[in-house]
Every structure is written in C-alpha cells, then in structure tokens.
2 protein chains.
Amino acid sequence: MRIGLDIGGTKTDAVALDRTGREAARVRRTTGFGPDAVLAGAEAAVRAVVARAGAVLADVDAVGVGIPGVIDEESGDVRHAVNLGVAELALSTRLSGRLGLPVTVENDVKAAALGAYHLLGLSGSAALLNLGTGLAAGIVVDGRLWRGARGSAGEIGHIPIDPGGAACSCGQVGCLETVASGSAVTRLWQSTAALPAVELFDRADAGDGRAVEVRRTLVGGVAAAVRMLALSVDVETIIIGGGLSGLGERLAVPVAEALADWAVSSAFLASLELPSRVRMLPIGVSAAAVGAALLGAQTELV
Amino acid sequence: MRIGLDIGGTKTDAVALDRTGREAARVRRTTGFGPDAVLAGAEAAVRAVVARAGAVLADVDAVGVGIPGVIDEESGDVRHAVNLGVAELALSTRLSGRLGLPVTVENDVKAAALGAYHLLGLSGSAALLNLGTGLAAGIVVDGRLWRGARGSAGEIGHIPIDPGGAACSCGQVGCLETVASGSAVTRLWQSTAALPAVELFDRADAGDGRAVEVRRTLVGGVAAAVRMLALSVDVETIIIGGGLSGLGERLAVPVAEALADWAVSSAFLASLELPSRVRMLPIGVSAAAVGAALLGAQTELV
C-alpha cells in the first residue's frame with residue numbers, strides 16, 4: 001500500500017492506493033499553520049487514512065507528499081511555502097522519522113501532474129496546466145515527471161506576453177499569470193462573492209458587458225498557455241487543473257473555441273490541432289494526493 | 001566513418017567524422033534548386049568529402065542530413081523546404097539507394113542543436129536558439145534530440161509576446177520571431193547592405209538613434225527567447241546560433257546585459273541565473289553537418 005498527501009493552504013487530502021494503483025481509502029483534514037502544525041497534521045493524515053483502509057503502518061510501502069513551495073529534490077526539504085506559514089521544514093526527514101517509513105516530497109503542482117496523468121490513463125507526454133492562485137504547469141513524459149535542469153520546467157506563468165500588461169508579483173510586467181490564474185480573476189473582477197470566478201461567468205452569461213470582457217481576457221490567457229506548452233515542450237495532452245478548473249465545461253468550451261478561432265487565420269496553428277489536445281481534470285479527485293502516492297513508484301504502477 | 005550534410009539555401013556543407021567523433025575532412029558546395037538537383041548535390045557532397053578524407057564509400061557507416069523543412073521522422077521524407085524548391089522529396093530512400101548506405105534525415109535546426117551540444121562538449125540539457133530567417137530552437141537532453149510529441153518542441157518563434165506587435169508570416173500577431181530573427185532585422189532595418197544586421201550594429205555603435213532603438217528591440221527579443229526556454233523546457237544551457245550569431249560578442253554582451261537588467265527588479269528571474277547560461281555557437285563550424293553525422297550514433301559518440 002502507498003499513501004499520498006496533498007497539503008494545501010486550507011485542507012490536507014490523503015489517499016491510500018493498493019498495489020494495483022486503485023484508491024483504497026481517502027480522508028480530508030484541516031491543514032495547520034506553521035512548520036510544527038503542518039508536520040503533525042501530515043502524520044495524523046497518514047495514520048487516519050491507513051486506519052480507514054483497515055490497515056496498519058507496517059502495510060505501507062512508502063509515503064509521498066505534495067506541498068506548495070520550493071522542494072529540495074535530494075533532501076525533501078520544503079522552503080517558501082508561504083500560505084502554510086513554512087519558511088523552511090525538513091519534511092521528508094522529520095515525517096519519515098515519525099512514521100518509520102520512506103517519505104518522498106514533491107511540489108504540489110508536479111505531484112498533481114503525475115496524478116492527473118495516471119487518473120486519465122494517459123500515455124506519452126502531458127502537462128497539467130494548474131490555474132490556482134498562480135499559474136504553473138507540471139510536465140510528465142512517459143509516466144515520469146520532467147523537472148528540467150533547475151526545476152523550473154513548466155513555469156510558464158512568469159513568461160511575459162504583453163508589454164502593456166499588469167505588474168506581476170514576480171517583479172516582471174505582463175506575465176501570463178496576470179491574465180490566466182485565480183489572482184488574475186481577483187485583479188480583474190473585484191468581488192466579495194465566495195467564488196468570484198463563478199460569479200464572473202454567471203454575470204457574463206447574463207450579458208454583463210464588463211464580465212464578458214474579463215471572461216474573454218481570462219479565456220484568452222488560458223488558451224495562450226495551452227499554445228505556449230505546445231510550442232515549447234510540445235506535450236501531446238494539456239490538462240487544465242487547479243481551482244479554476246472547477247468551472248468545468250464553462251471554461252473548457254470557450255478555451256477550445258478561442259484555440260479554434262486562432263487556427264482560422266493560421267494554418268500553422270491549425271496543424272497543431274490544439275482544441276483536441278485539451279482535457280479537463282475530473283472534478284472531485286485529489287490529483288496531487290494520487291500523484292504523491294505514485295512518487296518513486298512510477299515504473300510499478302503507471 | 002560517419003558523414004554529415006547541412007543542406008542550406010545556398011551552400012551544402014559536408015563533414016566526415018572519424019570513429020572518435022573528430023572531423024576528418026570537410027567540403028562546401030553550392031546547393032542546387034529543386035528535388036533532383038538537391039538529391040544530386042547531396043550525393044556529390046558525400047562522395048567529395050569521403051574522397052577528401054582519403055577513404056571510400058565502403059569505409060562509411062552512415063550518412064546524416066540536416067535540411068530545412070518538415071521531416072517525416074519514420075520515412076526520412078522532406079516536405080515544404082521552400083528555399084530549396086522542394087515541395088516533397090523522399091530524400092532518405094533515394095540518397096540511400098544511390099550510395100548504398102543508411103541515410104538519416106533531420107530538420108537542420110535540430111541537427112545543428114545536436115552538433116552544437118557535441119562541439120561545445122556539453123552534458124545535461126541544452127537548446128540551440130537558432131536566429132536565422134526565422135526563429136526556432138532545437139533541444140537536446142542527455143545527448144539526444146528532444147522532438148516533443150509532434151515535432152514542435154522548441155518552436156518558440158511562433159509564440160506571441162506582444163498583442164500590439166507586427167503580423168507574423170504564420171498568420172498570428174506579435175510572435176517572438178517578429179522581433180528576434182533575420183526577418184525581424186529585415187523588417188525593422190530596411191537596408192541594401194550585404195549584412196543588414198552588421199550595418200545596424202555599426203550604426204547603433206556610431207550613435208544613430210533609430211539604430212539604437214532597433215538594436216534594443218532585437219536584443220530584447222533574443223533575451224526574451226532565452227527566458228522563455230528557461231521557463232518552459234528549462235534547459236541548462238542556451239546556445240545562440242544561426243546567421244545572427246555571426247555578430248558574436250556584439251550580440252552576446254547586450255543580451256546578457258538585458259537579462260541581468262531584468263533580474264534587478266525580479267528576484268525570481270535573478271534566481272534563474274540566465275546570463276551565465278547563455279553561450280554563443282562558435283563561428284566557422286557547421287554545427288548542422290556535425291550534428292547530422294551524429295544522428296543515430298549518439299550513444300556511441302556523445
């Protein structure tokens with residue numbers, strides 16, 4: 001049995017996978033704040049999901065953790081997980097010490113890419129285009145994560161695409177993230193609604209001119225991200241995930257339409273067949289937890 | 001012995017490499033126009049370079065060809081090599097038939113990427129950013145070409161970076177190629193000089209305000225291409241090649257300066273250490289011919 005955790009800013013999801021890669025149990029807990037609370041919460045989530053699967057720790061082969069921030073690939077240390085109140089945490093070493101099990105740690109978007117690839121039954125190459133607060137893509141080639149030379153493969157959110165665009169949190173101007181992310185929605189559609197993106201799409205559907213314009217900007221940004229992945233790493237499949245993917249077909253359909261529109265005036269773009277290469281991450285699955293469980297076990301299970 | 005050809009719009013370069021990967025001989029011939037002339041010229045170039053190496057065809061293990069256009073990876077057929085007057089040519093099959101040797105055909109930029117990687121003695125990952133008439137990058141990972149799912153990995157020239165930019169030949173607007181390529185120089189600096197880019201840089205050095213501005217646009221476009229490769233495929237080394245790389249340090253120095261300037265206002269960009277990751281392709285070598293010779297022999301020689 002393998003355990004995967006997805007430690008998010010508010011919730012921690014845990015899944016237990018059996019030896020064939022099927023989900024045997026899952027639990028969800030509130031994430032604590034600060035390194036000690038995050039560590040204790042991770043340990044508790046592992047113990048809870050193992051118990052729910054009717055197993056004991058001795059049945060577990062390995063634990064994988066997906067977490068925001070910068071991960072040291074060798075040590076499994078986490079840095080700059082700002083939303084979790086973690087400046088630095090030796091997560092792999094300390095969680096492994098508490099559980100007596102091997103623990104692999106990976107950036108949450110990269111873990112989710114691996115999980116999405118597995119959940120969708122893909123082969124070849126794919127990218128998870130994660131539309132969270134920020135924008136980043138995790139890349140999987142032949143069932144394995146592709147990190148690049150310095151771990152910044154797929155960091156397309158910080159590629160500028162408009163010299164006249166908005167200032168980005170990274171210090172540059174007009175980055176893709178400023179028009180295709182949760183923070184882009186927050187900036188362009190100031191709202192007190194619980195789900196600003198849903199309100200935006202509802203208003204646009206109702207014919208609100210300003211909402212239609214903001215939605216067009218957002219959809220165009222997502223379509224530009226798809227095109228950028230196809231013309232740089234050239235993955236076969238681009239999976240849209242992250243918080244905004246909860247919009248489902250309401251986002252997928254206009255993104256595919258934008259890509260098809262662009263292809264009308266460019267035979268080159270048309271030859272890439274982009275609309276047919278976009279998939280949505282299924283709603284209600286924790287791709288990052290599943291991907292975390294698969295870390296280090298990719299040849300066995302995928 | 002392995003033979004590599006680089007069939008360009010005006011010249012065909014041929015090299016012979018010995019079993020250790022060292023150059024044993026080279027020849028240069030004028031390229032013919034149309035499929036039959038291209039094929040006959042390729043055959044003649046192979047025979048000439050073998051003779052110059054003091055060898056016979058029976059000493060040759062394999063022939064590789066780098067050629068512009070779209071290459072069918074399986075058949076070795078060439079399509080859309082417009083500058084050569086070739087709509088379609090079964091180059092691999094026909095050249096192999098004439099020589100009695102195995103012939104592998106690859107796009108010239110991809111072949112040049114492999115050759116540059118070998119000539120610079122690199123390891124890990126690298127991209128050749130080819131600033132020819134157009135802009136495209138060839139990508140090498142661990143000594144092997146990375147083509148992507150559909151052969152469009154590294155086609156960053158057709159990623160739009162400015163909604164207010166110029167129309168691109170591909171049918172889109174504001175593509176990177178419109179500011180960072182030989183055709184960008186032609187458009188921005190209309191000139192009758194034999195080497196418009198050299199004239200542009202000379203005039204900019206002499207203080208011509210318009211030339212300074214065009215040079216700044218070009219240098220910024222090349223720096224943007226470097227950043228884009230680092231944030232998408234994340235290769236360790238970016239090698240600047242193609243016709244414009246003949247400018248040497250006159251181009252390399254301001255590109256590194258632009259990257260360093262951007263890093264001042266972005267700690268994120270600074271962390272990528274881009275200026276130190278840029279190399280220039282040495283002048284006077286036919287990287288595409290050397291790379292073509294290495295096609296299919298990468299595990300032996302690199």
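Visitor: Which residue of chain A comes closest to the rotation axis?

Guide: That's Ile161(A), with its C-alpha at 2.1 Å from the axis. Keep in mind that this is a predicted model.

Visitor: OK, and what rotation superposes chain A on chain B?

Guide: A turn of 180 degrees, with 0.0 Å of shift along the axis and an RMSD of 0.0 Å. The two copies are thus related as by a two-fold rotation axis.

Visitor: How many residues does each chain put into the contact?

Guide: Chain A gives 34 residues and chain B gives 34 residues.

Visitor: Which elements of chain A give two or more residues to that side?

Guide: Those are α6 (209-230) and α8 (267-271) of chain A.

Visitor: And how do the residues on chain A's side divide by class?

Guide: You get 17 nonpolar, 11 polar and six charged residues on the side of chain A that touches chain B.

Visitor: Do the copies meet through the same surface or different ones, and why?

Guide: The same one: 100% of chain A's interface residues are also interface residues in chain B, so the copies meet through the same surface.

Visitor: Switching to helices. At what angle do α6 and α7 of chain B pack?

Guide: About 65 degrees, and their axes are 9 Å apart. In chain B, α6 covers residues 209-230 and α7 covers residues 249-264. With angles of 65 to 115 degrees counted as roughly perpendicular, α6(B) and α7(B) are therefore roughly perpendicular to each other.

Visitor: Is that crossing left-handed or right-handed?

Guide: The crossing of α6(B) and α7(B) is right-handed.

Visitor: Which residues meet there?

Guide: From α6(B) there are Val219(B), Gly220(B), Val222(B), Ala223(B) and Val226(B). They meet Pro254(B), Val255(B), Ala258(B) and Leu259(B) of α7(B). By class, this contact has eight nonpolar residues, one polar residue and no charged ones.

Visitor: Now domains. How is chain A divided?

Guide: Domain 1 takes 2-113 + 295-301, while domain 2 takes 121-280. Their centres, taken over C-alpha atoms, are separated by 27 Å.

Visitor: How many residues does each domain of chain A give to the contact?

Guide: Domain 1 of chain A provides six residues and domain 2 of chain A provides 12 residues.

Visitor: Where does the largest share of domain 1's side come from?

Guide: Helix α3 (residues 108-119) of chain A, which supplies four residues. By class, domain 1's side of that contact divides into three nonpolar, one polar and two charged residues.

Definitions and conventions: Residues are numbered from 1 along each chain as its sequence is written. Chains are lettered from A and ligands numbered from 1 in the order in which they are written. This is a predicted model: local features need pLDDT of at least 70, side-chain atom pairs count only at pLDDT 80 or more; totals for chains, interfaces and linings use all residues. Copies are superposed by least squares on the C-alpha atoms of residues with pLDDT of at least 70 in both. Two residues are in contact if their C-beta atoms, placed from the backbone, lie within 7 Å. Axes are lines fitted to C-alpha atoms, for helices over the stretch in contact, and angles run from 0 to 180 degrees between N-to-C directions. Angles under 35 degrees count as roughly parallel, over 145 as roughly antiparallel, 65 to 115 as roughly perpendicular and the rest as oblique. A crossing is left-handed if the near helix is turned anticlockwise from the far one by less than a right angle, and right-handed if clockwise. Ala, Val, Leu, Ile, Met, Phe, Trp, Tyr, Cys and Pro count as nonpolar, Asp, Glu, Lys and Arg as charged, and the others, Gly among them, as polar. Domain bounds come from an automatic or database domain assignment.
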